[in-house]
Structures are given as structure tokens and as C-alpha cells.
Amino acid sequence: MSEKHRILSGMRPTGPLHLGHYFGVLDNWAKLQKEHTCFFFIADWHAFTSEYADPGNIKQFSRELLIDWLASGIDSEENVLFIQSCVKEHAELNLLLSMITPLGWLERNPTYKEIKQELISKDLNTFGFLGYPVLQAADILLYRSSMIPVGEDQLPHLELCREIARRFNYFYGDFLPEPQGHLTESSRLPGLDGRKMSKSYNNAIYLGEDMESVRQKIMSMLTDTNRKRLKDPGDPKQCNLYPYLTLIDPEGDYSDIEEGCSNASVGCMNCKKILVEKMEAFLRPIQAKRQELKNDPDKVEDILQKGTDRAREYAAHTLDGVRKKLNLDY
Ligand code: TRP
């Protein structure tokens, strides 16, 4: 059997989750939860680094994020699920790590430069935003996590975390294990227009989206752009819709469609209708679970409370060790 890891990963609560998240992140978490000890958390302080001027939605997004996770099969018994700001130990470790992190490391961080350019409408010239990776390092090191599943854009943050851990161990003696990154494949599902699925491109289907709206989106979806008319033969490999079918219903038999598309006997409308049906069957149980959880806020609260308690126990233990190393154990 493969080695059992302590895994940690987080998401910022900046809006509802879509199928790109499901087929890029959540299905991977669902696999990992079977074999490892997993800490999955809602990085609300990280959301604050860019949303600080208008943080009104963060609390609600955090609750909804948890509901989306649970509805997608992330197990609240097996895993430790919590909200970052409920475990104040993250803030103390962030403070202590900030003391040893050279400014140059943060200023050189490519993700920092990119996001600053992308979000020009927001003033990100803040201490908190520059320190984003230090807080992330605190998240990771607090649980002495050995493996961190992240997307490619997060690799520079992970490298910084490793460097911070190394510097800590060099100054104060070996204590914080350096985590390994575990690169999650980028989402296997493209957006409705063939670009990356993203809220900002307006090409996403949300896990909680109303079925009529899903239907309309699918019916106006881009397919094989070389196939202009019904009598033109198509190529499922060039089609934007085809991967939706095979991902949403992997057990399905698609030989008729493949053949019909290639010899122009099956039209794109036909495939769209099939996808609408399969999509409904896929989303229905997720949405039913979401609704059930929304109707039971006490249950969601309980899950969070239990997760916070479990997380804090680990975090407090690590922090005791850190304080000892720093001679701050009064
Ligand atoms: N920065 C991550 C993102 O935007 C979220 C995050 C915060 C995270 N802390 C983390 C991910 C620790 C992994 C581990 O996606």
C-alpha cells in the first residue's frame, strides 16, 4: 500500500463552485480522502487579502463552499473540514514566520506579480497581500503536512513554504517538515466556449445552478468549430462538448455518437440534448444534497465546530513546539 500522508489543501471563498472545480479539485480530494488523513479548509483570511474593502460576502461564501464540498462527496467524518479564521493558531504562526521571511522572497514571487496585474481594479499594495504566501506557509506547516495538492499556479507558494520551513529549521533546529507538492491536473473540463472554465469568462456551469439555466447554456455551447453544417463530418476529438459527455457519464457508450459525428449522421443538437439529460442526472443528487444541507444550518454548524476543534488540537500542538524552539514558551 502507498504511504499514508497528512494532506492539507484550501480554497478561498470567493464565489460558488463550478464544474471546473469539481473535475479539477474536488474529485481529486474525494480520491485522496480514502487513503490519507486530510485537512481541507476554507481560506477566508486569504480571501481578505484581496477583498478587504468589501468583505461582506466572505462569510456566506464560506458556508456555501463547505456545502458544495459536502454535496460533492467530501466526507466530514473522514476529513478535518474547517474555516481558517476559526483556528487562530494560523495567525500566530503567520506572525512568527513573517519575522524570518526575507522581503525579497515575497517580492520576487511570480504569482504575486501576476495577480497584482490581473486585479488592477483593486489596490493590492498592502502588507497583507505581500504576505499571502507566509500565511499559506503557516497553514501548511501548522499541520506538519507532508503533501499539498495544488494547481500549477500555487507551486511558487509551495516552494516559498519549503524555503521558509528550511530557514526556520536552520535557525532553531529541525522541527518543521518540508511538504511536497502534489500537482493536481488542471480541470479536465473546459469552459462552455473552450477556454478554461472560469467565473470571469462567463463560461461556467455551477454546481448549484438552476436546471433551466444549465439547459440553455448547453444548448448554446460551442462544439466542433470546423463543423459548420449538419452534413459536414465532425471530429469528437476537436469538439468542446464531447469531453463533457465522457466525464459526466464515464460509463456511457459513445460509439454511436462518435461514428455518427464522424460520418455526419448525428448532429450537434442531438449531442446537446443527450448532454442536457446526462447533466441533469449528474447534478440532481448534488443539488438535492446541497438543498438538504441548506435546510439544516445546525448540521453545517456542527460539522464546522467539530472540524475546528480537531484542527485546533493539531495546530495547538505544533505551535507549542514552535514556541519552545523560539524560547517563547512562557
Ligand atoms: N492560495 C490557495 C489558492 O488560492 C488557497 C490556499 C491557502 C491554500 N492556503 C493554502 C492551498 C494552503 C493549499 C495549502 O488556491
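Me: In this predicted model, where buried means under 20% relative accessible area, exposed over 50%, and partly exposed in between, which class does Tyr-172 fall into?
Reply: The relative accessible area of Tyr-172 is 29%. Because the partly exposed class lies between the limits of 20% and 50%, Tyr-172 counts as partly exposed.

Me: What kind of aromatic pair do Phe-168 and Tyr-172 form?
Reply: Phe-168, which is buried at 2% relative accessibility, stands four residues from Tyr-172 in helix α9 (residues 155-172), so that about one helical turn separates the two. Their ring centres are 4.9 Å apart and their planes meet at 65°. Since planes over 60 degrees apart count as edge-to-face, the pair of Phe-168 and Tyr-172 is edge-to-face.

Me: How is the pair of Phe-39 and Tyr-143 classed, stacked, tilted or edge-to-face?
Reply: The structure holds 15 aromatic pairs, and in the one made by Phe-39 and Tyr-143 the ring centres are 4.8 Å apart with the planes at 35°. Stacked pairs have planes under 30 degrees apart and edge-to-face pairs over 60, so the pair of Phe-39 and Tyr-143 is tilted.

Me: How many residues apart are Phe-39 and Tyr-143?
Reply: Phe-39 is buried at 0% relative accessibility, and Tyr-143 is likewise buried at 0%. Phe-39 belongs to strand β2 (residues 37-42), whereas Tyr-143 sits in the loop between α8 (132-142) and β4 (147-150), and this pair linking distant parts of the chain is 104 residues apart.

Me: Which residues form a negative surface patch with Glu-114?
Reply: Glu-114 lies in helix α6 (residues 110-118) and counts as partly exposed at 47% relative accessibility. Its partners in the negative patch are Glu-118, Glu-152 and Asp-153.

Definitions and conventions
Residues numbered from 1 in each chain as written. Predicted model: local features only at pLDDT ≥ 70, side-chain atom pairs only at ≥ 80, totals over all residues. Heavy atoms only, no water. Patch = residues over 30% accessible without salt bridge, like charges linked within 9 Å, V, L, I, M, F, W, Y side chains within 5 Å. Areas by Shrake-Rupley, 256 points an atom, 1.4 Å probe, with all protein chains shown as cover. Salt bridge = Lys/Arg side-chain N within 4 Å of Asp/Glu carboxyl O. Lys, Arg positive; Asp, Glu negative; His and termini not counted. Charge placed at Lys NZ, Arg CZ, Asp CG, Glu CD. Buried < 20%, exposed > 50% of the residue type's maximum accessible area, 1.4 Å probe, protein only. Phe/Tyr/Trp six-rings, centres within 6.5 Å; stacked < 30°, edge-to-face > 60°.
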